[in-house]
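Visitor: Hello! Could you show me around this protein, one question at a time?

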Amino acid sequence: LAETPTSSSMAESETPSRPSYTTGPPPVVAKQGYLIKQGEVRRNWKKRWFVLTERSLSKSAMLSYYKSDKADDIQGSINLDHCERCKQVDYTKVHNGCSYCIEIQIPSRTYRVLTDSEDDMKEWITLIRAHSRRIQAQEAGSSGSSSSLPVPAASPATLEVPAPLLAGLTIPTTHCCLGYLKKQGAIVKNWKKRWFVLQDTSLSYFQDRGVQPPLGVIDVLECTRCELTQPLDGCDWLFHFQLVHPSRTYILSAENEETRAKWINALTLCITTGARRHTLGAVRVRSLSEARGTSQPSSNSSSN
């Protein structure tokens, strides 16, 4: 690292300047300070200024990071509503005096950051977990609580609408997500910007927004997984992921990390919901067959 953080520099300092908020009051800052963050591709470590902002009526709790406490340009952000796990992990190396490692997992990526003290690490973990609805719901469920918190969708653009299924069982079956992605061609491996729409269980892509008909439609229920991939050559959008279908693997790229996380979360939810529907359907069919099977002997005995 070009700049070596000292013990005092790693501590929280004065509130940095940030862009003005034109859509409402600025979010409440729960914690801020320097952490050493591991890169996604090169796996090197860099000092970054992290800011954890609390949830509001219109915004999710966010963990954002900047080059320094004076910089205004955000380097990246983690929507804590996506956070599935936050914990301490063993790490034997020391980077600029920092060796206490925190692992933050979201559907599209696992982040690792280092702090310079155990107390600071524990405080970050406690606050991140407290601001993650997924983790809070998991903890409520594991403790047997009857009032588990709802797990939100990936973003306001990703919706879950409960619908009745299989004699009273209710699970989210309707999904909606839309926006621009870049798609790699199946034969000529070039990249083209397309307008994508996920509606129910179909992912359609169009030449542009408002242009009909769709160039293609993917049945998401037939897909096996949606996952992160490494950046590929030839595309200026670096946040790649793939949707695996039995007939083809679709290579896609988003303009930023938050958009990629939104799509991976929405598509994965659709795939897992479809698998759950199939499992529930199989269980119901088997139960009906067993019920008919058990009632058959009594019918035969009455006729004899």
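What follows is a short tour in questions and answers.

Visitor: How many helices and strands are there in the protein?
Guide: Welcome! Please keep in mind that this is a predicted model. The protein has 304 residues, and 41% of them count as buried. Counting its elements gives 4 helices and 15 strands.

Visitor: What is the average pLDDT of the protein?
Guide: The pLDDT is the predictor's confidence in each residue, from 0 to 100. In this protein, 68% of the residues score at least 70. The average for the protein is a pLDDT of 74.

Visitor: Which element has the lowest mean pLDDT, and which has the highest?
Guide: At the low end is a strand covering residues 159-165, with a mean of 31. Over residues 145-175 the pLDDT is below 50, though this stretch has 70 contacts in the model beyond near neighbours in sequence. Residues 278-285 are also below 50, with 6 such contacts. The lowest mean therefore belongs to β8 and the highest, at 94, to β15.

Visitor: Is Ser253, in strand β15, buried or exposed?
Guide: Ser253 sits in strand β15, which spans residues 248-254. Leaving out residues up to four places away in sequence, Ser253 touches several others, including Leu181, Trp191, Cys235 and Phe241. Buried means under 20% relative accessible area. Ser253 has a value of 0%, so the residue is buried.

Visitor: Which residue's backbone oxygen does the side chain of Ser253 reach?
Guide: Trp237, Leu238 and Phe239 are among the residues that Ser253 touches. The backbone oxygen in question lies 2.4 Å from the Ser253 side chain. The residue that carries this oxygen is Trp237.

Visitor: How far apart are the C-alpha atoms of Cys98 and Ser117?
Guide: Cys98 is found in the loop between β5 (85-89) and β6 (100-106). With a relative accessibility of 0%, Cys98 counts as buried. Along the chain, Cys98 and Ser117 are 19 residues apart. Their C-alpha atoms are separated by 7.4 Å.

Visitor: How many salt bridges does the count come to?
Guide: Side chains of opposite charge can pair when their charged atoms come close. One such pair here is Arg85 and Glu103, at 3.0 Å from N to O. The count comes to 11 salt bridges.

Visitor: Which residue forms a salt bridge with Arg260?
Guide: Arg260 is in helix α4 (residues 257-303), while its partner is in the loop between β1 (29-38) and β2 (45-53), so the salt bridge ties together parts that are 220 residues apart in sequence. Both residues of the pair are buried. The closest N and O atoms are 3.0 Å apart, and the partner is Glu40.

Visitor: Between Arg85 and Glu103, which is buried and which is partly exposed?
Guide: Arg85 lies in strand β5 and Glu103 in strand β6, so their salt bridge ties together parts that are 18 residues apart in sequence. The relative accessibility of Arg85 is 32%, so Arg85 counts as partly exposed. For Glu103 the value is 8%, so the buried residue is Glu103.

Visitor: Which residues are joined into one network by salt bridges that share partners?
Guide: Arg109 forms a salt bridge with Glu257, and their closest N and O atoms are 3.2 Å apart. Arg109 lies in strand β7 (residues 109-115) and Glu257 in helix α4, so this pair ties together parts that are 148 residues apart in sequence. Both Arg109 and Glu257 are buried. Through shared partners, the network is made up of Glu40, Arg109, Glu257 and Arg260.

Visitor: How many bridges join β6 to β7?
Guide: β6 and β7 form a hairpin with 2 residues between them. Within the pairing, Ile104 has Tyr111 in β7 as its bridge partner. The two strands run antiparallel, and the number of bridges joining them is 7.

Visitor: Which residue stands opposite Lys37 in β7?
Guide: β7 is mostly covered, with 5 of its 7 residues buried. This strand is also joined to β1 by 2 bridges, and the two run antiparallel. Opposite Lys37 stands Val113.

Technical notes: Residues numbered from 1 in each chain as written. Predicted model: local features only at pLDDT ≥ 70, side-chain atom pairs only at ≥ 80, totals over all residues. Heavy atoms only, no water. Buried < 20%, exposed > 50% of the residue type's maximum accessible area, 1.4 Å probe, protein only. Polar contact = N/O pair within 3.5 Å; in protein donor to acceptor, adjacent residues only side chain to side chain. Contact = heavy atoms within 4.5 Å. Salt bridge = Lys/Arg side-chain N within 4 Å of Asp/Glu carboxyl O. Pairing = 2+ DSSP bridges.
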